[in-house]
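Colleague: I'm new to this one, so could you walk me through it and tell me what each label rests on?

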Amino acid sequence: MRLSTVILPVRRWSEGGREVWQRAEELGFHTAYTYDHLSWRSFRDGPWFGAVPTLTAAAAATSRMRLGTLVTSPNFRHPVTLAKELISLDDISDGRITLGIGAGGSGFDATALGQEPWTPRERADHFGEFVPLLDRLLTQDVVSYEGVHYRAHEVRNIPGCVQRPRLPFAIAATGPRGMRLAAGYGQAWVTTGDPKAAATGTAAESLEAVRGQVERLGKACAEAGRDTGELEKIMLTGFTPDRPLDSVDAFVDFAGAHAEAGIDEIVLHWPIDGSVFEADLSVFERIAGEGLAQLGR
């Protein structure tokens, strides 16, 4: 089991932003991710910075910890421009970048460019074209492509990623089409749990839902002729009935149960006062220092 964190891009770099990323590395987190949104829910009317510049700065301020998005989506990204940014970011970080990627939702990003929000099927259709094209752009020097939703004309991406054949994809998916993409293109799979269990269920029901998701991922991998053990299983916390940041013991119980369900990596939100991610920073740091040791992993 690995322990990671997600640091929302809400702090000016000169006013604590740099220090948070450096502290995450000091605490020994495996990866520090950030959201790739133009804005997000209750943070919409407050500070919010871009993911790629933030990760570029974080790459310069750290040296060991992996970095990544959790998650990027097609809502306002195009594979051609995203690929160029990712290759640059992978180079600057000396090969420490993971791309968390999902189909996106119906939030602010979905309409920020003036378009009508896509239906769930339209999001899945875009995602199903976005991921394979991005894979090609990150692994081939020259790419041309004519699709339903995306085009690329003699796009050059030289010298490619530091990580070979490309930086890893962590694909967020719960439905069958997304699971197939994870099985086909992912080096990791991401879940936030089951939204229904989060809204009205118990912690036990949420855990059972995650266990079912892992089983469905296994079936998708089997259909793709792939060993499910090749994919890391990542759990982004904060969207289930559980409260793993209440205490070290609460985290150990949560992490142990989810490890048994097949999860390999737990991601905790860095505490933000006065927000939905408010938590005791001292407890959070104790979890980072003691949680996995108490779990015996």
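**A hairpin and what surrounds it**

Modeller: Let's start with a hairpin: 4 residues link β5 to β6. Before we go on, this is a predicted model, where local features need pLDDT of at least 70 and side-chain atom pairs count only at pLDDT 80 or more, while totals for chains, interfaces and linings use all residues. Residues are numbered from 1 along each chain as its sequence is written, and side-chain values use heavy atoms, with hydrogens and water left out.

Colleague: How do you know that β5 and β6 pair?

Modeller: Two strands pair if DSSP finds at least two bridges between them. Strand β5 (residues 142-146) and strand β6 (residues 151-156) have 4 bridges, in the antiparallel sense, so they count as paired. V142 sits opposite R156 in β6.

Colleague: And what makes something a strand or a helix here?

Modeller: They're DSSP runs, numbered from the N terminus: helices are H or I with at least four residues, strands are E with at least two. The protein chain has 9 helices and 10 strands.

Colleague: Why is the chain called as compact as a globular protein of its length?

Modeller: Its radius of gyration is 18 Å, close to the 19 Å that the globule rule gives for 297 residues, so the label fits. The radius is taken over C-alpha atoms, and the rule is 2.2 Å times the number of residues to the power 0.38. Those C-alpha atoms fill a box of roughly 55 × 45 × 35 Å along the principal axes.

Colleague: Why is T5 called buried?

Modeller: Buried means under 20% relative accessible area, exposed over 50%, and partly exposed in between (1.4 Å probe, protein chains only). T5 has a relative accessible area of 0%, so it's buried. You'll find T5 in strand β1 (residues 2-6). Over the whole protein chain, buried residues make up 51% of the 297.

Colleague: Which residues is T5 in contact with, leaving aside its neighbours within four places in sequence?

Modeller: Contact means heavy atoms within 4.5 Å. The partners of T5 include A24, F29, T31, Y33, V267, L268 and W270. L268 is 263 residues away from T5 in sequence, yet their C-alpha atoms are 4.6 Å apart in space. For the protein chain, 74% of the contacts with a separation of 6 or more are between residues 24 or more positions apart.

Colleague: T31 was in that list. Why does T31 count as buried?

Modeller: Its relative accessibility is 1%, so T31 counts as buried too. T31 belongs to strand β2 (residues 31-34). Not counting residues up to four places away in sequence, T31 touches L3, S4, T5, M65, R66, L67, G68 and E265.

**Helix α5 and strand β8**

Colleague: What do the buried residues of α5 pack against?

Modeller: They pack against α4 (120-139), β7 (169-172), β8 (188-191) and α7 (203-223). The buried ones in helix α5 (residues 176-185) are G178, M179, L181, A182 and A183.

Colleague: What makes you say both faces of β8 are covered?

Modeller: On one side A188 and V190 are buried, and on the other W189 and T191 are buried. β8 also pairs with β7 in the parallel sense, over 3 bridges. One bridge has I171 with W189 as its partner in β8.

**Some unusual backbone spots**

Colleague: Which residues are joined by a cis peptide bond?

Modeller: I158 and P159 are, with omega about 20°, and so are R164 and P165, with omega about 5°. P159 lies in the loop between β6 and β7, and P165 is in the loop between β6 and β7 as well.

Colleague: What is phi of R41, and is R41 buried or exposed?

Modeller: Phi of R41 is near 45°, a positive value in a residue other than glycine. R41 has a relative accessible area of 55%, so R41 is exposed. R41 lies in the loop between β2 and α2 (51-61).

Colleague: Why is E154 called partly exposed?

Modeller: E154 has 46% relative accessibility, so partly exposed is the right label. E154 is in strand β6, and its phi is near 45°, a positive value in a residue other than glycine.
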